[in-house]
Every structure is written in C-alpha cells, then in structure tokens.
Amino acid sequence: METLLQQTVNGLVVGSVYALIALGYTMVYGILGLINFAHGDVLMVGALVALEAIRLIQLHAPELGLVPTLLAGLAVAVVVCMILGYTIERTAYRRLRNAPRLAPLITAIGVSFLLQTLAMIVWGRNYHTFPQLVSTTPVEPIAGVFITPVQIVILVVSAVLMIGLVLLVNKTRLGRAMRATAENHRVASLMGVDTNKIIAATFVIGSALAAVAGVMYSSNYGIAHYAMGFMPGLKAFTAAVLGGIGNLAGAMLGGIVLGLVESIGAGYIEDMSFGFLNSSYQDIFAFLILGIVLIFRPTGLLGERVADRA
Amino acid sequence: MNELALAIPWLGKRNPAAARWVVMALAIGAPLIAMLFGKTWVRILDFALLYVMLAIGLNLVVGFAGLLDLGYIAFYAVGAYTFAFLASPHFELHLPFWLVIPIGAACAALAGIILGLPTLRLRGDYLAIVTLGFGEIVRIFLNNLNHPVNITNGPQGINMVDPLVLFGWDISRPLKIGDEITVNSLFLYYYVFLAFVALSVVLVQRLQVSRVGRAWAAIRDDELAAKAIGINTRNMKLLAFSLGATFGGAAGGLFAAFQGFVSPESFSLMESIAILTMIVFGGMGNLAGVIVGALTLTALPEILRYVAVPVQERLFGHVLLDPEVLRMLLLSLAMIFMMLLRPAGMIPAHSRYSKPELVVGKTAAEAAK
C-alpha cells in the first residue's frame, strides 16, 4: 500500500512535467496540425541554458541566494527558448505551411536532430550534473510517503502555469485569436486576425513552457544531457494523444495519467511479469499506451480530432 | 532498368542505354577505384550497399505507399539478430546462410505485419510516432533481454557471428587465385552485396509497375479514392509493411555476417532517421534517387572525415567537430534544406507510375501539347 502511495506521488510529479510539455505539442497541433518534433529538444536547450546561466551566476555572484539563482537561470532559459521557438517557426515551418503533410514533419525531425547536434557541439556528449538548488532531501513522511521540496515546487509551478495558460486561452484577446486560428486559418484572417503572428505566439508560449519543464525535469533528476529531450518529448506527445490532441485539458489529463501509469507500472512490473521484466522496461509503457489509445480510441480520452488525418 | 539510367541526370535522359552501361560499369568497378584510396574505402562501399538495400526497402513503405515509418531500423535489427541467433556460438547453432537470411527476412516481414496490423488506420504524423515507438521498443528489448534468461546478451550484443559461406567457400577469408593474386574478402562481400542489391532493384522495379505498385501509389495519393475504386487498402498496406521489412531483414542478416557481431547500439533511432534522410535527399518514390541518396549520404560523411579533420587541425590546432557530429549535422541539415528548397529530392520521381507503353490513351502531358 505504501509503495502504491509513494508511486502515485512520484507519478503525479512526473506527470505534471509531462503535462506541461504536452501543452506545447497540443497547442501547435491544434493550430497547425503539425507534430513539432523539435519540442522535446527545446526542453533540452532550456535545461542546458539554465545550467550554463546558473554556473555563471555561481561563479561571478556567489552571494546571490539559491532561489534567486535558480529563478535567474530559469528566466534566461525561458527567454532563450522563446527566441528559439520563434526562430524555428519562422525559418523551418512557415514556408511549409501549405506543403504536403510529410514535408513539415520531416523538417521537424531535421530540426530536432539539428538542435541535438548543436547542443552536442556546445555542451559535449557527457551528462552534466544539474545543481539541485531546491532541496531534494524528503520532508517528514506523511502516511509513510516521502516527498521532496523540489517535487512540491514542481507540482505547484505546473499547476500555476496550467491554470495561467487556460486563462490566457479562454479569457484574453490573444487566446480568442488562437482559438479562432485553430478553428480555421482563413476565416480567422478574414476576421482581422494576424494568423502569422498568432502562430508565432503559439510557438513562443509552447517553448516557454518547455523551458520551465526542462529546468524542473533537470532539477528533479539532477542531470542534463544533449539527448535528454527525446524521451520526455515522446512521452509528452503520447500524453497529448492520450488526452485528445488539440485539447488543452486533454493534454493535462493525459500527462497526469501517463505519469501515474508509468510510475505505478514500473513499481509493479516485476511482480506482474513474474520477474521476467524489470523497471528498465519503464519506457515501454508510454509506447504501449500510445498504441492502445490509437487503436481503440484515436480521439483520446477527452476527444477532439480524429487520428486518420493524412 | 530505365529507372537506374536516371541516376546520371544528363546522360540518362538522352541516352538511357549508355547511362545504364555506365551505371553497371561503375557498380562493378567501384571497389577497384576505392582500393586506390585504401582498404577502408572498400569497407565503406560495402556498408554503402547495405544502406542502399535499406533505403530501397524503406522507399517501398514511404515512397511508394506513403506510410512514414520511423522505426525501420527495427527490421534491420530483427534480421541481424536472427542471423546472430542461428549462426553463432551464442546458441551453438551454425545454420548455413542461404537458410538464415530467408528466415531473418521472414521474421522481419512478420514483424512488419505485427507493426502494420494495429496501425492500419493511422496515417502521416501519428503513424510516424507509433513506428518510432515500435523501433524503440525493439531496441529496449534487445538491450534488456539478458535477464533472467539470456537471449540477446544485452548491451554487449552477440559476438563471433558466422561469416557468409557460399557453398563451402568462406568469403571472409581472402581468395587466392593462383599464387600471385589474392582478393581481399572486402571485395568478395562487395560483390555479394551487389548481387543482393541488384536483385532488390529488379524486384522493386517490377513491383512498382505491377498492380500492387499502382495500388500503393493510389493509396499514397488518396486513400479514400483508392478504397472507392476497389483497392483493398488493408491488405495493400500490410503488404507494403511486410515487403519493406523483408528487405530490411535481409540487409540485417548480411550486416551481421559482415560485421561479425551485433549489438543494440547499431539500431538506434538515429539510423532510422539516417535512412529516411537518404531517401528524402535522393528523391522519395524514385529508385535511382534513393540509391544515389544512400550512396551520397554514406560516402559524404566519410569524405568529410578525411577532409574536415585535417583542415580543423590546421585551422584550430585541434579537432573541433568530430566526424560523428559532422555526420549528424550533415544529415539534419540535409533533411531541413531538402524539404525547404527541393522537396522532391535530387532526382524527383515521375508523376506517372506505370510504364508509358502500358498506358492506354493519351496521358495528360501528351494531351496538353
């Protein structure tokens, strides 16, 4: 029972990070119908830039406290990723907006690998230890469940950001324009919406969320690496599909569900398979869920779009 | 063989027969030329031919049937591991290669059907992600199936895989003709691979103009319309997956025999992407383009390795970008810029899929004249 509770908490934490990343996928998909393959790598860039910034601050201004250092690193990462997201949209995707559907997808894969290669050139192939500025020693166990301060911060920050995004999309002028563009580009532009600007804004917002997710991910696990974006990116995409791609609430739900399944699954996989499989198979859950969802309920849990769009 | 003539752009259009002879002469003479630059280049050519086979197989799925497969390397892995299981000391089995390669290809085809069945309804981006996941699952299993029962020997992989033995003649040993001439085994492998590639080219070419090939083209261009004119899209898609996988499986078997060992790291996502880039670069759906793409993108990083490393040493005093990074950089840039600037590839596919002489009545192009 305690294992179950503990894995539930871990799952919630990981799941909320997935949910943040999934929001980026789902917003872009909702508006452009494009899987932004490079989204996971934006996350990686965010984490590594934050790492670099924190190192610099610690070197030149060590008197700054832990939390301000982290916040400053985060701010730098968010800004860099916003610029990066804008650049990617402007240079790689905009020209292909009316091309056959395979073309932007292949470009997106190219951008993803380009980012990884550039990161490899700048930061090398090694794993970097990410300074854990928020403590990772668990607080007093509640009902036998350990939770660390960094996990609490992750839960709170993601909740705040998600609420903020929902408010942005539903209450503001920009959000209304985004929804209109998602519904129909041409009609939206006839109504006076500058769709190019809105699409760019979507990429910028998604990238900012990815940067925050990247910093939280690295703070939680204590490492950063040039290929670290791939797995969370893929899982977040799975989460977006699970919730119903193009649907904001769906992405959040999908992220949480995926995190829970993965973490509880990893805790019990050894017993379930009679010792044949162990927790190194954890990554398989995401793919299995993705497959099952696409076969039985391609519109996802909350449903929005159908899967067989070419 | 008209398709192949297009590999030489200028000559191919004007004098296909001559172009065809040039292509054949080049194919046969290439290792001799490569030998002038050293044995490594012959080895690179051998690998290039394996990539050509993979590209031909992936082109069947992506270029002909329009199903974007990002996990294609998994079939290569299935073929390679099947070979390693059945012809190495790992399980104490040493079956002959003419048995193992077809078994490997068949296993890969089966894997293709297993992947194809659940993904029949998906197209485009969704399919890409699911196939990517499939490739990763295969790799995760290869990496971890050494416990509790050792099947794949985990990350270390399987060593001492048997070489190719053709009718009692081990081609991993140099061939001695008379007393003077010895032919290096790299050459022997080259010609064996070339034979496989030639066979694949002929098969795929016949397939493309067949009923099946035209059905694939129809599905690629408009699935709903294809269904409406009575094409069994389910079977045709499964066929595309399994046939494409067959080529991957056969190439995998050859790879295992050639390299002598297999390990999961040869079958990473990067390799799937590399093969995809080759066909995108050369020209999706076009055999000549795919072959040229595969050869170029295998050879180019190697050439860079020999050019860029000394240049960097002279300029900066040390190696800034190692060859592996250069390869990734080249592949990713190729993918982005080809899509932006020349989306049909270096040698674009024809707009018509069947042989012109088989088309009844005037085609649109002729009617326009």
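**Exercise 1. Helix 12 of chain B**

Which residues of helix 12 of chain B are buried? Keep in mind that you are working with a predicted model. Then check the length of the helix and find its packing partners.

*Solution.*

Step 1. Begin with the burial list: B:Leu269, B:Ser272, B:Ile273, B:Ala274, B:Ile275, B:Leu276, B:Thr277, B:Met278, B:Ile279, B:Val280, B:Phe281 and B:Gly282. That makes twelve of the 14 residues, and helix 12 of chain B is mostly covered.

Step 2. Now test the length. Helix 12 of chain B covers residues 269-282, and at 1.5 Å a residue it should span 20 Å. The C-alpha atoms at its ends are 20 Å apart, which agrees.

Step 3. Next, look for what the buried residues pack against. Within chain B the partners are helix 4 (39-64), helix 5 (73-86), helix 7, helix 13 (287-316) and helix 14 (323-341). Helix 4 of chain A is also a partner.

Step 4. Finish just past the helix, where B:Gly283 takes a positive phi of about 135 degrees.

**Exercise 2. The contact between the chains**

Work out how many residues each chain brings to the contact, and describe the side of chain A.

*Solution.*

Step 1. Chain A contributes 36 residues and chain B contributes 31 residues.

Step 2. On the side of chain A that touches chain B, helix 4 (102-123) and helix 11 (284-296) each supply at least two residues. Helix 4 of chain A gives the most, with 13 residues.

Step 3. Sort the side of chain A by class: 25 residues are nonpolar, six are polar and five are charged.

Step 4. For the scores of the model, note an ipTM of 0.81 and a pTM of 0.85.

**Exercise 3. Two folds, side by side**

Describe the secondary structure of each chain, and test the radius of gyration against the value for a globule.

*Solution.*

Step 1. Chain A has eleven helices and two strands. Along the sequence they follow the pattern α-α-α-α-β-α-α-α-α-β-α-α-α.

Step 2. For the 310 residues of chain A, a compact globule would have a radius of gyration near 19 Å; chain A has 19 Å, so the two agree. The C-alpha trace of chain A spans about 60 × 55 × 40 Å along its principal axes.

Step 3. Chain B comes to 15 helices and six strands. Its radius of gyration is 21 Å, close to the 21 Å from the globule rule for 369 residues, so chain B is as compact as a globular protein of that length. Its C-alpha trace spans about 65 × 50 × 50 Å along the principal axes.

Step 4. Add burial: 49% of the residues of chain A count as buried, and 50% of those of chain B do.

Step 5. Finally, take contacts between residues at least 6 apart in sequence. In chain A, 75% of them join residues at least 24 apart; in chain B, 71% do.

**Exercise 4. The nonpolar core**

Find the residues with the most contacts inside the largest nonpolar core, then follow B:Val52 to its neighbours.

*Solution.*

Step 1. The largest nonpolar core has 218 residues, and those with the most contacts inside it are A:Cys81, B:Val52 and B:Ala55.

Step 2. Helix 4 of chain B supplies the largest share of this core, 18 residues.

Step 3. Leaving aside residues up to four places away in sequence, B:Val52 touches B:Val197, B:Ile291, B:Ala294 and B:Leu295.

**Exercise 5. Two partly exposed residues**

Place B:Pro16 and B:His147 in chain B, and explain why each counts as partly exposed.

*Solution.*

Step 1. B:Pro16 is in helix 3 (residues 16-36) of chain B. B:His147 sits in the loop between helix 7 (124-144) and strand 3 (165-166).

Step 2. Apply the cut-offs: 20 or more neighbours would make a residue buried, and 12 or fewer would make it exposed. B:Pro16 has 17 other C-beta atoms within 10 Å, so it is partly exposed. B:His147 has 13 C-beta neighbours inside 10 Å, so it too is partly exposed.

**Exercise 6. Confidence in chain B**

Where in chain B is confidence lowest, and where is it highest?

*Solution.*

Step 1. The mean pLDDT of chain B is 84, with 91% of its residues at 70 or more.

Step 2. Helix 15 (residues 364-368) of chain B is lowest, at a mean of 45, and helix 5 of chain B is highest, at 94.

Step 3. Over residues 352-369 of chain B, pLDDT stays under 50, and the model has ten contacts beyond four places in sequence for this stretch.

Technical notes: Residues are numbered from 1 along each chain as its sequence is written. Chains are lettered from A and ligands numbered from 1 in the order in which they are written. This is a predicted model: local features need pLDDT of at least 70, side-chain atom pairs count only at pLDDT 80 or more; totals for chains, interfaces and linings use all residues. Helices (H or I, at least four residues) and strands (E, at least two) are DSSP runs, numbered from the N terminus. Two residues are in contact if their C-beta atoms, placed from the backbone, lie within 7 Å. Ala, Val, Leu, Ile, Met, Phe, Trp, Tyr, Cys and Pro count as nonpolar, Asp, Glu, Lys and Arg as charged, and the others, Gly among them, as polar. The expected span of a helix is 1.5 Å times one less than its number of residues. pLDDT is the predictor's confidence in each residue, from 0 to 100. The radius of gyration is taken over C-alpha atoms; the globule rule is 2.2 Å times the number of residues to the power 0.38. A nonpolar core is a set of buried Ala, Val, Leu, Ile, Met, Phe, Trp, Tyr and Cys residues joined through C-beta atoms within 7 Å.
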